[in-house]
Each structure stands twice: as structure tokens, then as C-alpha cells.
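Work through the exercises below with the model open beside you. Try each task before you read its solution.

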Amino acid sequence: MQWESWSAFWDMGGAGAFVWGSYGVTFALVALELVLVMQRRKDTVKRLLRWRRAVGKDGSGRLGAAQLESEQ
Amino acid sequence: MADGLNLEKNHMNVKPRGPSLFRFAAPQMFYPLAGRLAPWFAAAALVLTAIGMWLSFFVAPTDATQGEVYRVIFIHVPAAWMSMFIYLVMAFWAAVGLVMNTRLSFVMSQALAPTGAMFCFVALWTGALWGKPTWGAYWVWDARLTSQLLLLFLYFGFIALTRAIEDPRRADRAGAIIALVGAVNVPIIYFSVKWWNTLHQGASVSLTKAPSMAATMLAGMLVMAFAAWAYTLAVTLWRVRPMILERERHTEWVGEVLDRERGRG
Amino acid sequence: MLSTFFAVLRRDLLLAWRSRSDVLVTLAFFVIVVCLFPFGVGAEPNQLRAIAPGVLWVAALLACLLSLHRLFAQDYADGTLEQLLLSSEPAVLWVLAKVLAFWLTTGLPVVAVAPGLALLLDLEQGALPVLALSLALGTPILALLGAVGAALTLGLRGGGMLLALLILPLFVPVLIFGAGAVEAEASGTGALAHLLLLGGGLAGALALAPLACAAALRISTD
């Protein structure tokens, strides 16, 4: 172990702001990306379910071509 | 457009359970596969990050010349590697899409782009924070930094173009072209910037790292690089799944998936 | 084959001649941008001389960028583009003709005016031929690369900004070697290496960009 104390660890030889600023922003961005990806999945599922209700195909089954065209 | 869609689907229905890996090129095969694989990659990323952080902060020794601030290297270098590598993979999938006419490849390249841009930004950000205490400036117009910045712009261009085009067929192909044009230009940009940089040796900052790097430092960097790989795989697979649903929304199997989702709440 | 090339070239030049105010506006834009710099950075001759190559090159690059939308927009709107794509003539050929016509009406005037503007910025007179030569070699590359971007953003909302975002990073090497050639000549180290690299870039762009542009046009009009 090379750190004498926790405060020495956080201080990083005087460069704490730079080191922790790097790691902090990186992990914040990773967390943000994960949240956005999960959010997008939820939004897509919700939107597609609504879309299926709108075209009257609530249950399973393939849409007719005519309905498809009118939807687009 | 609907014609093309049906054509392709029929083509895929011919052999949905082929013996080769190619059967996963069919969206209805790939969707559940991606869902099964992603958590494993995410877990691997978590474990590797934990190991990497332990190596970076508790095993790797203090650098003789730079002190503790060099520990930024353990995310800076993997992020820079990853940002370049992801662009190449993106261009690869774009080329596969154009040649083989597989829509899944285009979706893959579009799902990779945001993560690549994120790593690109991380590399620039950590580079700036590392630069301030070591060279006294957040930014110098060094060849590597400048190319990294231009790479970020290339990512932005790709993302903006594919988002701006509403017709997915056109968006796929247009994005693929710009990804390939960018990939051809990346080495040209790098060498031109390097040439420019040697002519304008203004600040005369040497960015060459110490030749002898402790083995533990290298190990920490590699483990973090593998963590970045695993993370990229996980997040890309997660991002690809809703994109597939969106594009295949007219098909039966997506209907079944959605019914299951609704049942879940 | 060549007759297609010349037919498209003549047609585009004729159209450009009929709307020559567009061409003049591009040129005026180039002149005004260059003339803005002394107001921004001060009229100190040494400083102006130092930044002159970069200023002229960036202005030429922006002038090219702002006129690029003209390249295919009109033909896209009136259906000419579709007809050309449906014809049996190789697309690469008429794409090249269109880009050449575009360069003759926007690039060439810039090349002609630049040495005069360089005098306003007190650039050394010995470097003027190199400036003209570097622009003559570099602006066709800008036109060729820009054509790919213009083809990809055809008919998109906000296409202009998108085009800038797509192709400005790709213009960087041209800017480096173009402005670098003038600077090297002015400082006495010789511009040959820069000019050779620009020439090589032009050859590469001539070989690859029309292919990419033709593919992009097909995608955009599909």
C-alpha cells in the first residue's frame, strides 16, 4: 500500500483536482450514457405499443399492407 | 421502401436457422442474442474496472517525474484508443452494410457512434486536466490532441447526418458513406496535423512519455482498456435493441416482444 | 462518353453565366471576409503579414463552403438530377463535369482575386505566385470533397449547417498544406513539398471523390 492516509490518497500529491476531475467526469458520462440508453429503450417500447394500438393491432398478428401505408 | 423491406425479410425467412454465424445477421435472431450477451459484458466491464482502478491507484507506483498526476493515464489512454478503434469498427460495419446490404450492419455502426464520441470527449477532457499540471496549459496544438479533436468533429458529423435524415434507408447509406470518407481521411488528417505541428514548434512541449514504464502501470492501462471494450460492447448491444424494434415494428416477432414487455408492466 | 462530359460542363457554365450575380456574391463574400481581419486583429503590418496566408485560405474555404449548396440543389429541385442518374452515362463522368463547372465559377475567381487581396495584407510579393498556385491546386480538392457532402445533405432541413459540420474537418489537411505553402515561401524555406502534397491530394480526390459523390447522389435521390 502506498498511501499513508486517506487524505493523502484524496490529495494525490497536490493534483487531486486534476486526477479526480478526470475520473469523476468519465464515470459521470458513463452513468449518463447508461441512463440515456435505458431511457431510450423504455421510450421506444412505450411508443411502439401506442403505435400498435393506433393502427388497431393490439394483439399479435401481422399488419395489412394497406394499414401500413396509411400509418406512414 | 415497403417493398424492399418485405423482400429482405422473405430472403431472411428462407434460412432462419442456418448452420453458420450468419443467422445472427437476421434481426429476430440478433435481438434476443444481444439481450442475453449485454449483461455479461456489463458485468465484465464492472469487474475489470474494479481491478483496473485497484491497479491504478494502489499497485502502480508514483511516477518519478510526474508524481501522482500521471494516474490520469489509466483512463486517458484507453479512452483515446477506444475512440479511434470504435471509428474503425463503425466504418467497417458501414462498409459491410453497403456491400452485403444488411440493415443490421448499419444499425450497428449507428449504435456505436455515441459511445465513440463519448470516449473521444473523455480523452480530450482527461488530456486537458493532465496537461495543466504537467505542461502548464490545458490545451496545446499538438498533433495528437488536434487529431483527437477532429475525430470528435467527425463523430458529430456522422451522428448529426444520420439523425437529420428521416428515411432510415437513406440515413443508413448516407451515414455509411460519410463514415467511410471519414475513415479514409483520418490518417491523412493525422499526418497533415503532425507535419504542421513539427513546422510550428511553438511551445516546444515534449509529449513523449517516459521510455521505461513500470510493468504495473502498463497492466493497469491494459485492464482499463479491456474494461472499456466490455463496456462498449454492452452499451452498444443495449442501444441496438430498441433500434431494431423500431425498424422491425411491422413484423410479427416484434409484436410478440412488445406483448411480453407490456405484460411485464 | 466525353461528349456527355462536355455537354454537362457547357450547360452548367451557361446556367452559371445566366445567374452570374451568385458568382459575384461568392467573390464579394471572400473579399469582405479577408478585409474584416485587419479590423479584428489590428492593422499592424508585421502581424497582418504573419496571418495573411491563413486568413486568405480560411476565407477561400468558407467561400467554397457557402456556395456548395448551389452544386446540386437546382438540379435536384427540377428533376434534372434524377434524369441524369437514370441515363446510361457513367455518373462519375457528369459528376466530374459538374464539379469542374462549379470550380470554374467559384474557385477560379477566388484564385484570381487572392493575390490582389494578399497585397492588402502586406504579404511578400515573391510569395504571390505560390499563393495563386496553392489555391489553384487546393480549391479543386475543396470542391470535390464538398461535392460529396453536398450530395449527402441534398434536400435536408438545415442542410447548410450540417454540410459545414460534415466537411470542415475534412478540409483541414488542405488548409494546412495550402496555407503552409505560402508561409514556407514567404519565410524562404521553399514551398515545393507543400505543393507536391497538394497535387497528390488533388489526384487522390479526383480518383475517389466522384465515385463517393455519385454513390451519395444515388442514395439521396432514391
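The expected span of a helix is 1.5 Å times one less than its number of residues. Helices (H or I, at least four residues) and strands (E, at least two) are DSSP runs, numbered from the N terminus. This is a predicted model: local features need pLDDT of at least 70, side-chain atom pairs count only at pLDDT 80 or more, and totals for chains, interfaces and linings use all residues. Residues are numbered from 1 along each chain as its sequence is written, while chains are lettered from A and ligands numbered from 1 in the order in which they are written.

**Exercise 1. Check the span of helix α2 (residues 20-41) of chain C.**

Step 1. Count the residues: α2 of chain C has 22.
Step 2. Apply 1.5 Å a residue; the helix should span 32 Å.
Step 3. Compare with the model. The end C-alpha atoms are 33 Å apart, which agrees.
Step 4. Look just past the helix. C:G42 follows α2(C), and its phi is positive, near 95 degrees.

**Exercise 2. Find which residues of α2(C) are buried, and what they pack against.**

Step 1. Fix the cut-offs. A residue is buried if 20 or more other C-beta atoms lie within 10 Å of its own, exposed if 12 or fewer, and partly exposed in between; C-beta atoms are placed from the backbone.
Step 2. List the buried residues of α2(C): C:F30, C:V34 and C:F37.
Step 3. Look down the axis of α2(C). The buried residues fall within an arc of 45 degrees, so they line one face of the helix. The arc is that of the directions from the helix axis to the C-beta atoms.
Step 4. Recall the geometry. An α-helix has 3.6 residues a turn, so residues three or four places apart point the same way.
Step 5. Turn to the other side of α2(C). Exposed residues there include C:R20, C:L24 and C:F39.
Step 6. Name the partners. The buried residues of α2(C) pack against α3 (45-67) and α6 (91-120) of chain C.

**Exercise 3. Describe the fold of chain C as a whole.**

Step 1. Count the elements: chain C has 9 helices and 0 strands.
Step 2. Take the extent. The C-alpha trace of chain C spans about 55 × 30 × 30 Å along its principal axes.
Step 3. Test compactness. The radius of gyration (over C-alpha atoms) of chain C is 18 Å. The globule rule (2.2 Å times the number of residues to the power 0.38) gives 17 Å for 222 residues, so chain C is as compact as a globular protein of that length.
Step 4. Add burial: 47% of the 222 residues in chain C are buried.

**Exercise 4. Which element of chain C gives the most to the side that touches chain B?**

Step 1. Define contact: two residues whose C-beta atoms, placed from the backbone, lie within 7 Å.
Step 2. Count. 20 residues of chain C are in contact with 23 residues of chain B.
Step 3. Find the elements. α7 (128-152), α8 (159-186) and α9 (192-221) of chain C each give two or more residues.
Step 4. Pick the leader: α8(C), with 10 residues.

**Exercise 5. Where in chain B is confidence lowest, and where highest?**

Step 1. Know the scale. pLDDT is the predictor's confidence in each residue, from 0 to 100.
Step 2. Take the chain. The mean pLDDT of chain B is 83, and 85% of its residues reach 70 or more.
Step 3. Compare elements. Helix α1 (residues 2-13) of chain B is lowest, at a mean of 42. Helix α3 (residues 73-100) of chain B is highest, at 92.
Step 4. Read with care. Where pLDDT is low, the predicted coordinates should not be read in detail.
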